[in-house]
Amino acid sequence: MQLQDAGCWTDAATLAAKHLKGSDYARVLQRWAGHILHTEHNIWRALILYVAAGALQEALAALREAQLPDTAAMFILACRETHAEIVSTNLGIRDEESSSSVNDELLNLRALDPKNEDVIAVDEYFGQYQRKLVHLCMDSQPFAD
């Protein structure tokens, strides 16, 4: 943390990767992601670091704050699909019918639980985005070749 406080973010990450494990390492990555997001304003690089730290909630919050509803919705979908695939692989499930019931039970990642207020907000905002897009498409004249 002292290296991060001194602005030596890459050095801190390199040392953390070499010497820290688990939540200690995740904390360094998460702090670095916050720095990247708020100082460099690079949401994509910050998202990579948040995901590497296992901070899915923070990644979703960054997308929500950036008002990227389509990206936030796709992020949730990608996380859930990846999680379901990992769970199915680890449980050795190959049959799609039996895997769907397992996936229904295990799809809810804690950070991306459908009851989570950030997930609800993204869903509502994405719904508004879709309705606005439909109106724009319906109200515009078709292009002629």
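Where is Gln67 found? Keep that one in mind while you get your bearings; we'll come back to it.

**The whole chain**

You're looking at a predicted model. Start with everything shown as a cartoon. The chain has 8 helices and 0 strands, so a color-by-helix scheme is handy, and reading along the sequence gives α-α-α-α-α-α-α-α. Now switch on the surface. About 10100 Å² is exposed, with carbon and sulfur atoms supplying 54% of it. Of the 145 residues, 33% count as buried. If you like contact maps, look at the contacts with a separation of 6 or more: residues 24 or more positions apart account for 44% of them.

**Stop one: H3 and H4**

Select residues 22-40 for helix H3 and residues 43-52 for helix H4; their axes come within 8 Å and cross at roughly 170°. That crossing makes H3 roughly antiparallel to H4. Next, show side chains where the two helices meet. On the H3 side, pick Leu29, Gln30, Trp32, Ala33, Gly34, Ile36, Leu37 and Glu40. Their partners in H4 are Ile43, Arg45, Ala46, Leu49, Tyr50 and Ala52. Color this contact by residue class and you'll get 10 nonpolar, 2 polar and 2 charged residues.

**Stop two: the loop after H3**

Now click on His41, which sits in the loop between H3 and H4. Check its backbone: phi is positive, about 55°, although His41 is not a glycine. Is His41 buried or exposed? It's exposed, with a relative accessible area of 63%.

**Stop three: back to Gln67**

Jump to Gln67, and there's the answer to the opening question: the loop between H5 and H6. Gln67 isn't a glycine either, yet it has a positive phi of about 55°. The relative accessible area of Gln67 is 53%, which makes this residue exposed.

**Stop four: H8**

Finish by selecting residues 117-139, helix H8. Try your distance tool on the C-alpha atoms at its two ends: they are 33 Å apart. At 1.5 Å a residue, the 23 residues of H8 should span 33 Å, so the model agrees with the expected length.

Then show the buried residues of H8 as sticks: Asp118, Val119, Ala121, Val122, Phe126 and Gly127. What do the buried residues of H8 pack against? Bring up helix H5 (56-65) and helix H6 (69-91), and you'll have both of their packing partners on screen. Gln67 is worth one more glance here, since the loop that holds it runs between H5 and H6.

Definitions and conventions: Residues numbered from 1 in each chain as written. Predicted model: local features only at pLDDT ≥ 70, side-chain atom pairs only at ≥ 80, totals over all residues. Heavy atoms only, no water. Axes fitted to C-alpha atoms, helices over the stretch in contact; angles between N-to-C directions. Helix = DSSP H or I, 4+ residues; strand = E, 2+ residues; numbered from the N terminus. Parallel < 35°, antiparallel > 145°, perpendicular 65-115°, else oblique. Contact = heavy atoms within 4.5 Å. Nonpolar A, V, L, I, M, F, W, Y, C, P; charged D, E, K, R; others polar. Expected span 1.5 Å × (residues − 1). Buried < 20%, exposed > 50% of the residue type's maximum accessible area, 1.4 Å probe, protein only. Areas by Shrake-Rupley, 256 points an atom, 1.4 Å probe, with all protein chains shown as cover.
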